[in-house]
Amino acid sequence: MGFPVNSSSGETEKPYKFLIYGRTGWIGGLLGKLCESQGIDYVYGDGRLENRSSLEADLAAVNPTHVFNAAGVTGRPNVDWCESHKVETIRTNVVGTLTLADVCREKGLILINYATGCIFEYDSEHPLGSGIGFKEEDNPNFIGSFYSKTKAMVEDLLRNYENVCTLRVRMPISSDLSNPRNFITKITRYEKVVNIPNSMTILDELLPISIKMAKRHLTGIWNFTNPGVVSHNEILEMYRDYIDPNFTWKNFTLEEQAKVIVAPRSNNEMDGTKLKKEFPELLSIKESLIKYVFAPNRKTPVA
């Protein structure tokens, strides 16, 4: 069965019904709100991803036009949790995701899968500061954390499912600066931060794009980040300028960071060419940060 990629003008206008997994998660919750604001009929799945019969029951009851997977184990409070809960991580991130993709394929349904770009790290072919980003067809080169290892594994297997749209999310940010999952909120609360340019995902801009991708029947792997990179210090400087003029922070090196975390973290630049070509209106990371996050939350006087 084929899942043809339609052109940019190919958003079908039939009634949609989305089945969303990840009701209690950050992205899953935002997706539901987006559907409500756009008047799209949606239902949260009740089934467990690793339980095939429960997923089949969801599909039979809901009869969706598209399925979205925003469920997964990232670990609480962070990915270090996965290092000591490997079976639980495999059950959801590998077995569960593959089961959902397989059930959707059987039913002829596209699965929009929110995955991760934290499966790459700067290397000799993609040096820090070079502007050379990892492309969609590149194979993961970072398995420093067990979380990233499972995500790289499942991405490779999902390449064989022509019904799956894999979205590589990185260091997600939203305009809700009180959310503890928000990358900005995280780094403002850290005692010390590293300072490394990275590709990141502004959810306020990109989640609506993922709904457009579903409507266009787009599949395959996509770097789901805003074009360009931004460093920790650049974000914190914006935070100081827009939110809290008295905010201060301290930096430390990767070597110093390694002493206070269990698993290494991914740092990379993703190539945004493919997504930008499909959605020319997509803003660069720094433009998107200001438009969607800092300007709406501004607490400092406008100069």
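Biologist: What makes β1 and β2 a pair of strands?

Modeller: In this predicted model, four bridges join β1 to β2, and the two run parallel. A pair needs at least two bridges, so four bridges qualify β1 and β2 as paired. One place to look is I20, whose bridge partner in β2 is Y44.

Biologist: What makes the sheet an open one, and in which order do its strands stand?

Modeller: Six strands line up as β2-β1-β3-β4-β5-β6, with parallel pairing. β2 and β6 stand at the edges with a single partner strand each, so one side of each has no neighbour in the sheet. On average, neighbouring strands are turned by 20° against each other, direction ignored.

Biologist: How do you know that β4 and β5 pair?

Modeller: Count the bridges again: six of them link β4 (residues 110-116) to β5, in the parallel sense. The cut-off is at least two bridges, so β4 and β5 count as paired. Within this pairing, A115 stands opposite R168 in β5.

Biologist: Why is the crossover from β4 to β5 called right-handed?

Modeller: The chain leaves β4, passes through helix α5 (residues 146-158) and arrives at β5. With the strands pointing away from the viewer, a clockwise path over the helix earns that name, so this β-α-β crossover is right-handed. Helix α5 lies across β4, β5 and β6, and runs at about 150° to β4.

Biologist: What does β5 pair with in the parallel sense over four bridges?

Modeller: That partner is strand β6, residues 220-223. There, G220 is the bridge partner of C165.

Biologist: Why is β5 called mostly covered?

Modeller: Six of the six residues in β5 (residues 164-169) are buried. V164, T166 and R168 point one way, C165, L167 and V169 the other, and both sets are buried. Side chains in a regular strand alternate between the two faces of the sheet.

Biologist: Why is T201 called buried?

Modeller: Its relative accessible area is 0%. The limit for buried is under 20%, so T201 meets it. T201 is in the loop between α6 and α7. Its contacts, not counting residues up to four places away in sequence, include V169, R170, L206, F224 and N226.

Biologist: Which residues touch the most other members of the largest nonpolar core?

Modeller: In that core of 32 residues, they are F18, Y114, M213, F224 and L275. The elements β1, α1, β2, β4, β5 and α7 each supply at least two residues, and α7 gives the largest share, seven residues. Leaving aside residues up to four places away in sequence, F224 touches Y114, L167, M213 and L275, among others. Nonpolar side chains tend to be buried together in soluble globular proteins.

Biologist: Which residues does the second, separate core include?

Modeller: This core has 20 residues, among them F183, V193, M238 and Y239. In helix α8 (residues 232-242), the buried residues include M238 and Y239. The buried residues of α8 pack against α6 (183-189) and α11 (285-297).

Biologist: What pLDDT does the protein chain average, and where is the pLDDT below 50?

Modeller: The chain averages a pLDDT of 92, with 93% of the residues scoring at least 70. Over residues 4-9 the pLDDT is below 50, and that stretch has 12 contacts in the model beyond near neighbours in sequence. The pLDDT is the predictor's confidence on a scale from 0 to 100, so the predictor's confidence over residues 4-9 is below 50 on that scale.

Key
Residues numbered from 1 in each chain as written. Predicted model: local features only at pLDDT ≥ 70, side-chain atom pairs only at ≥ 80, totals over all residues. Heavy atoms only, no water. Buried < 20%, exposed > 50% of the residue type's maximum accessible area, 1.4 Å probe, protein only. Contact = heavy atoms within 4.5 Å. Core = buried A, V, L, I, M, F, W, Y, C linked by side-chain atoms within 4.5 Å. Axes fitted to C-alpha atoms, helices over the stretch in contact; angles between N-to-C directions.
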